[in-house]
Amino acid sequence: MLADATTDSGGTRSGGTATATPQATAQITATELAAVVTVPTATSVVAVAPLLPVAPTGFTARCTRALLSPWSRLSLLLVLLAGAGATVLLFHPQRLLSDGWPPQLGGVAAALVFAAAYGLCSVAFVPRPLLNLAAGALFGSQLGTGSALAGTVLGAGISFGLGRVLGQDALRPLLRGRWLKAADGQLSKHGFRSMMTARLFPGLPFWGVNYCAAVSRMRWMPFLLATALGSIPNTAAYVVAGARASSPTSPAFLIAMACIALPALGGAVVAWRKRHHLRGN
């Protein structure tokens, strides 16, 4: 009796023994390899390109670059300073301070408002001696000195910030002269010591020192700290003189006037002796 032979798609079974054909073995091997090895396709690979900022173009972008350029910012600074100076000449805000403004406040609150007005007026080129005398006449020696010093630091900080933001980028490339480079190097490397000397020396204008320091690479903290400490003698002398102006023969008034006159005389003598050296350079 012959054994039944049953033919399958995967192989031939004969007498209970299954044997795989070479074609079926190749199919199984290919299937197993396909299950193990996954070939990435074009859809499975996503290339992520870095996002680079695109520079704006067009008329608006050109106008923006022109407005933010160093020379545009310097022009804005000059316009602001000219407007502040014109305001002082037209409205004389220093008279409001000397006449007792603000009249609604008193004590510490009035001194704080005076300090804020002092800072703004010093930025607008109002002479600091007048403001210091007004502080002494309004608030006395102690409170007037504190208010005047606070206004001095505030005004110096405002001027330094305006010069640093609006004028430094345009003016630094112009520092080519010998004296300009020397001053810039001194303020940049020895900021605190240089600013202390400038504040103690009575012949240097307050606003000029502020903007020179702003153009240099001097840092904020040494500038403000040296301004506060170096301005104490001169400011206190003027405030005491203003507070004692009603009694010009009092010892306090005479001492204050001596503290004002002696540094000014010493500065004039030093400038006179150094005049030939300055001309030679």
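Which residues of α5 are buried?

**Figure 1. Helix α5 and its buried residues.** The buried residues of α5 are A110, A111, F114, A115, A117, Y118, G119, C121, S122 and V123. Here buried means under 20% relative accessible area, exposed means over 50%, and partly exposed lies in between (1.4 Å probe, protein chains only). The view is taken from a predicted model, in which local features need pLDDT of at least 70 and side-chain atom pairs count only at pLDDT 80 or more, while totals for chains, interfaces and linings use all residues. Residues are numbered from 1 along each chain as its sequence is written, and side-chain values use heavy atoms, with hydrogens and water left out. Helices (H or I, at least four residues) and strands (E, at least two) are DSSP runs, numbered from the N terminus. Helix α5 covers residues 107-123, and its 17 residues reach 25 Å from first C-alpha to last, close to the 24 Å expected at 1.5 Å a residue. The expected span is 1.5 Å times one less than the number of residues in the helix.

**Figure 2. F125, in the loop that follows α5.** F125 belongs to the loop between α5 and α6 (128-171). Just after α5, this residue takes a positive phi of about 70 degrees, and F125 is a residue other than glycine. With a relative accessible area of 31%, F125 is partly exposed.

**Figure 3. The two sides of helix α3.** Helix α3 spans residues 70-91; its 22 residues should extend over 32 Å at 1.5 Å a residue, and the end C-alpha atoms are indeed 32 Å apart. Buried in α3 are R73, L74, L77, L81, A84, G85 and V88. Seen down the axis of α3, these buried residues fall within an arc of 110 degrees, so they line one face of the helix. The arc is that of the directions from the helix axis to the C-beta atoms. The face turned away from the buried side of α3 carries the exposed residues W71, V79, L89, L90 and F91. H92 follows α3 and has a positive phi, near 50 degrees.

**Figure 4. D169 of helix α6 and its contacts with P70 and R73.** D169 is found in helix α6 and counts as partly exposed, at 41% relative accessibility. Leaving aside its neighbours within four places in sequence, D169 is in contact with P70 and R73, where contact means heavy atoms within 4.5 Å. D169 and R73 are 96 residues apart along the chain, and their C-alpha atoms are separated by 8.8 Å. R73 is one of the buried residues of α3.

**Figure 5. The surroundings of A214 in helix α9.** A214 is placed in helix α9 (residues 206-215). A214 is buried, with a relative accessible area of 0%. Its contacts, apart from neighbours within four places in sequence, are F160, G163, R164 and Q168. G157 and A214 are 57 residues apart in sequence, with 9.7 Å between their C-alpha atoms. V165, which lies in helix α6, is 49 residues from A214 along the chain, and the C-alpha atoms of this pair are separated by 8.6 Å. V165 counts as exposed, at 51% relative accessibility.

**Figure 6. A nonpolar surface patch that includes L225.** F192, L225, L229 and I232 form this patch, with about 330 Å² of accessible area together. Accessible areas come from the Shrake-Rupley method with a 1.4 Å probe; for residues, only the protein chains shown count as cover. Patches are made of residues with over 30% relative accessible area and no salt bridge, with like charges joined within 9 Å and nonpolar side chains (Val, Leu, Ile, Met, Phe, Trp, Tyr) within 5 Å. A salt bridge is a side-chain nitrogen of Lys or Arg within 4 Å of a carboxyl oxygen of Asp or Glu. L225 lies in helix α10 (residues 220-230) and is partly exposed, with a relative accessible area of 42%.

**Figure 7. G266 in helix α12, with the whole chain as context.** G266 is found in helix α12 (residues 251-273) and is partly exposed, at a relative accessible area of 31%. G266 and G203 are 63 residues apart along the chain, with a C-alpha separation of 9.7 Å. The chain has 13 helices and 3 strands, and 31% of its 281 residues count as buried. Of the contacts in the chain with a separation of 6 or more, 72% are between residues 24 or more positions apart. The accessible surface of the chain comes to about 18,100 Å², of which 69% belongs to carbon and sulfur atoms.
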